[in-house]
Amino acid sequence: MIPDRPAGTSEPPDEKAGPAAVDKLAPIALDLFCQRCGYNLKGLTSDRCPECGKSLETVRLIEPQIPWVHRKRLGRFRAYWKTVYLAMFHQGRFCEEMARPVSYSDSQRFRWVTILHVYIPILLATICAYQLAPPEPVVMTRSFQVPGGWTQSGPPWFERAYAEIWPVAVLHVCFLLFLAAATGVHSYYFHPRDLPVHVQNRAIALSYYAHAPLAWTPVPIGLAVAAWWLAGSHELTAIGLIAAAVPLLLLELACWWSAIAGFLRDTMPGRKAHFRLVAIALPFLWLALAGVIFFGVSLVVFCVLVVFASLT
Ligand SMILES: [Zn+2]
C-alpha cells in the first residue's frame, strides 16, 4: 500500500533551508509519490520528502526531463540515445517524470523506433543469410494455372516466391506481431484501478520507455551475421563472434525485463507484492505470446495454403 500522508507531518530531515525557505515553495497539487519510499507528496511545501529525505528538486520542475521529448531541439539521434541511457541506468530519475504530464504519443513513437531497432537488423540479417547461403532450387511437383494461360510449373519468380519467400515472410510477420504485443502487454500492469486516472496514464506512457534496452539489438545480430560470413574462412573468429553475440543478446533481454520491472517499482513505489508478481510473470507472458503468435499465425497460413492447393 502507498502510505498516506500522516497528520502532523514532521519537518524534512534536512532543515538547512529553514522554515522560511520551505514556505517559498508552492504546495504540490497532485497525488505524486516519492520514488524512493512511496510517500504521498500532495500538499507538500518543502523541497525534500519528509519520510526519507529524498530531494524533490526534479519533481518540482515544470519542463519534462525526457530527452526524447526534446528531440527537435537535441536532434533525433542524440535525443534517442540519451533517453536510452537514462531509461537503462537512471530509472529512478526517469520515473520522477510521474510528477509531470507524460506525452503518450511521444512514448509510442519511442516504442516504435525501438521496435525498428530490433526488426531492421533481423530483416537485414535474413537478406544477408539468403545471400550467403541461397537455398537449393526447389523442384515443384505441382503445376500451376497462373494468369496469362501458363500451364507449366510456373515462371521462376512464382516458384521461388511460393516455395521460399512465403515461409520467411510469415515468420517476419509473426515476429513483428510478437514485438508489437510484447512491447504492449506490460502496460496492463501499470494502471491499478485504485490509483487516480492521471497517475495511471502517466505510468502507462512512461512504461513504454522501458523498452530502451532493445535499442542495442543491432550489436548481437551484427556479430552473428559477421560470424556466419566468416564461418567458412575464419572459423575461430566466427566462434569468437558467436560466443560474444549470444551472451550480449541474453544480457539485452535481461536488461529489458529488468527495466520494465524497475519502471514498475519506481512509478508505483510501495507496491512490493504487485512488483514481484509482475516481475515473475513477465517472462512467461512473453513466452506465451510468442507461442500463440508463431503457432497461431503459422496454423492460419497453413490452412489457407491447404485450401488454396485444393482449389488449384
Ligand atoms: Zn521518500
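Start with helix α3 in this predicted model: its buried residues are A79, Y80, T83, V84, L86, A87 and M88. An α-helix makes a turn every 3.6 residues, so residues three or four places apart point the same way. As for length, the 14 residues of α3 should span 20 Å at 1.5 Å a residue, and the end C-alpha atoms are 20 Å apart, which agrees.

Now for the core. The largest nonpolar core has 48 residues, and F94, F190, Y209 and F263 touch the most other members. Elements giving two or more residues to this core include α3 (76–89), α4 (91–95) and α9 (235–267). The largest share, 6 residues, comes from α3. Leaving aside residues up to four places away in sequence, F94 touches I66, T83, L86, A87, L206, Y209 and F263. There's also a second, separate core of 10 residues, with I28, L32, C34 and L41 among them.

On to the rings. The whole structure holds 12 aromatic pairs. One of them is Y80 with W81, an edge-to-face pair with 5.5 Å between centres and 90 degrees between planes. How buried or exposed are these two?

| Residue | Relative accessible area | Status |
|---|---|---|
| Y80 | 3% | buried |
| W81 | 24% | partly exposed |

W81 misses the buried class because that needs a relative accessible area under 20%, and W81 has 24%.

Both rings belong to a wider cluster: ring pairs link W68, Y80, W81, F94, F110, Y209, W216 and F263. W68 has a charged partner too, as R71 lies over the face of W68, at 4.6 Å from the ring centre.

Technical notes: Residues numbered from 1 in each chain as written. Predicted model: local features only at pLDDT ≥ 70, side-chain atom pairs only at ≥ 80, totals over all residues. Heavy atoms only, no water. Core = buried A, V, L, I, M, F, W, Y, C linked by side-chain atoms within 4.5 Å. Buried < 20%, exposed > 50% of the residue type's maximum accessible area, 1.4 Å probe, protein only. Helix = DSSP H or I, 4+ residues; strand = E, 2+ residues; numbered from the N terminus. Contact = heavy atoms within 4.5 Å. Expected span 1.5 Å × (residues − 1). Phe/Tyr/Trp six-rings, centres within 6.5 Å; stacked < 30°, edge-to-face > 60°. Lys NZ or Arg CZ within 6 Å of the ring centre and 35° of its normal.
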